[in-house]
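Please find below a set of numbered points on the model under review. They concern backbone geometry, enclosed and open spaces, aromatic contacts and strand pairing.

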Amino acid sequence: MSTKNKIDLRGLVPAPVTPFTRDGAIDHAAILRLGSWLGSFKGVKGLVVLGHAGEGTFLTADEQASVIESFVKSTDGRVPVIAGITLEGTGVAAQEAKRAMKAGAKAGLLYPSHGWLRFGYQKGAPQDRYKAVYEESGLPLILFQYPDVTKATYNLDTLMEIAAQPGVFAMKNGVRNMRRWDTEIPVIRKANPDLQVLTCHDEYLLHTMFDVDGALVGYGNIAPELLIALIEAGKAQDYVKARALHDRLLPVTKAVYHRGSHMEGTVALKHALVTRGILDHATVRTPLLPLQPGADVEIAEAMKSAGLVSDKPAAIAA
Ligand SMILES: N[C@@H](CC=O)C(=O)O
């Protein structure tokens with residue numbers, strides 16, 4: 001049976017960070033704070049936990065299940081929780097999907113097998129991975145398109161075959177090649193009108209906003225109200241409004257996502273959540289490292305300039 005149209009992610013789908021206590025354990029009280037705050041925004045349609053922003057691969061299997069359970073609890077199950085499914089082998093990824101489902105996940109974001117990043121993959125292997133994980137676990141899946149510069153990116157034929165599978169209901173597209181974006185998204189949409197297309201180009205969202213049903217982004221942790229407005233402006237094809245929101249967010253985008261690498265973005269998200277009063281500190285797990293001294297102040301200033309500090313809720317410009 002097709003999973004298409006079962007879960008509606010047409011809006012903002014933040015990928016929450018996983019808060020830790022100062023001594024490195026999972027901070028479930030902070031998860032409840034973060035999840036209930038994000039879930040309080042009408043345009044937030046789902047929470048994708050245990051992704052890159054959630055440091056999902058740095059957690060044990062038991063910790064992963066407990067994070068899913070706490071995020072489900074944070075909105076009393078009202079907002080669907082989707083889990084990152086990241087293990088390399090198809091069989092173990094299917095087991096991971098089953099554990100996620102048992103913990104309360106309503107869907108999975110299936111990552112490419114990690115080794116493909118370096119070596120590439122055999123023709124048909126990505127299609128087989130999506131089919132097998134869905135058939136073995138029953139967990140509805142989001143297709144995850146990696147950047148064109150990696151060997152784990154999927155060409156258009158591969159995307160089309162995965163998108164047409166009954167277990168796949170949405171695509172998170174992070175191709176970061178605008179020639180491919182502009183030519184492939186219309187083709188995929190035409191063949192799969194029910195597939196939900198979500199951008200994940202955190203560091204430059206504007207261009208992708210006019211072609212999508214929503215955004216599945218770590219950025220959603222820290223500026224949900226402005227990103228919801230940006231998605232709405234994109235859907236209305238209102239470039240002037242979208243551009244104004246983009247410009248307002250630009251200092252935050254630079255402070256969080258234009259650092260050395262996307263990995264630092266995760267640490268920066270935690271600092272930004274401190275400025276919003278949701279987290280008390282920005283503890284991360286290695287291999288993530290703290291940002292350089294002063295980065296917290298830069299991030300706080302950027303958040304303030306965008307009107308996103310906790311004592312001054314952001315007003316959405318008309
Ligand atoms: N936004 C990033 C990181 C998320 O998983 C991406 O493009 O993949």
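1. Leu50 has a relative accessibility of 4% and, because the cut-off for a buried residue is under 20%, it counts as buried. The model is a predicted one. Leu50 is placed in the loop between β2 (47-49) and α2. Its phi is near 65 degrees, a positive value in a residue other than glycine. Most residues other than glycine have a negative phi, and most peptide bonds are trans.

2. A second positive phi in a residue other than glycine is that of Asp76, near 50 degrees. Asp76 belongs to the loop between α2 and β3. Is Asp76 buried or exposed? With a relative accessible area of 73%, Asp76 is exposed, whereas Leu50 is buried.

3. The peptide bond that joins Thr286 and Pro287 is cis, with omega at about 15 degrees. Pro287 is found in the loop between α10 and α11 (295-305).

4. Leu50 also appears in the lining of the largest cavity, together with Ala61, Gln64, Ala65, Ile68, Ala83, Gly84, Glu96, Arg99 and Ala100. The elements that contribute two or more residues to this lining are α2 (61-74), β3 (81-85) and α3 (90-103). Which element gives the most to the lining of the largest cavity? That element is α2, with four residues. The cavity holds about 70 Å³ of space, and by class its lining residues are six nonpolar, two polar and two charged.

5. The structure has two cavities of 30 Å³ or more. The second largest holds about 30 Å³ of space. Its lining consists of Pro19, Phe20, Asp27, Ala30, Arg33, Leu279, Asp280 and His281. Of these lining residues, four are nonpolar, one is polar and three are charged.

6. The largest pocket contains about 900 Å³ of space. It is lined by 45 residues, and those closest to its centre are His52, Tyr111, Phe144, Tyr146 and Met263. Two or more lining residues come from each of α2, α3, β5, β8 (214-217) and α10 (262-275). The largest share, five residues, is that of α10. By class, the pocket lining divides into 21 nonpolar, 16 polar and eight charged residues.

7. Three of the residues named at the pocket centre recur among the aromatic contacts: Tyr111, Phe144 and Tyr146 form one aromatic cluster. Over the whole structure, nine aromatic pairs are found. One of these pairs is Trp116 with Tyr121, a tilted arrangement with 5.1 Å centre to centre and 50 degrees between the planes. Trp116 counts as buried at 12% relative accessibility, while Tyr121 is partly exposed at 24% relative accessible area.

8. Tyr121 also pairs with Tyr154: the ring centres are 5.9 Å apart and the planes stand at 70 degrees, so this pair is edge-to-face. What does the pair tie together? Tyr121 lies in the loop between α4 (116-119) and α5 (125-137), and Tyr154 in the loop between β5 (141-145) and α6 (156-163), so the contact ties together parts that are 33 residues apart in sequence. Tyr154 counts as buried, at 0% relative accessibility.

9. Strand β6 (residues 168-173) deserves a separate point. Why is β6 described as largely enclosed by the rest of the structure? The description applies because six of the six residues of the strand are buried.

10. On one side of the pairing scheme, β5 and β6 run in the parallel sense over five bridges, and Gln145 stands opposite Asn173 in β6. The connection is a right-handed β-α-β unit made by β5, α6 and β6.

11. β6 is also joined to strand β7 (residues 196-199) by four bridges, and these two strands run parallel. Met171 has Val197 in β7 as its bridge partner. Here again the unit is a right-handed β-α-β, made by β6, helix α7 (residues 178-191) and β7. β6 thus takes part in both units.

Methods: Residues numbered from 1 in each chain as written. Predicted model: local features only at pLDDT ≥ 70, side-chain atom pairs only at ≥ 80, totals over all residues. Heavy atoms only, no water. 1 Å grid on protein atoms, 1.4 Å probe; cavity = no way out; pocket = protein on both sides within 12 Å on 5 of 7 lines; lining within 4 Å. Points joined across faces, edges and corners; volume = space filled by probe spheres on them. Nonpolar A, V, L, I, M, F, W, Y, C, P; charged D, E, K, R; others polar. Phe/Tyr/Trp six-rings, centres within 6.5 Å; stacked < 30°, edge-to-face > 60°. Buried < 20%, exposed > 50% of the residue type's maximum accessible area, 1.4 Å probe, protein only. Pairing = 2+ DSSP bridges. Right-handed = clockwise from strand over helix to strand, strands pointing away.
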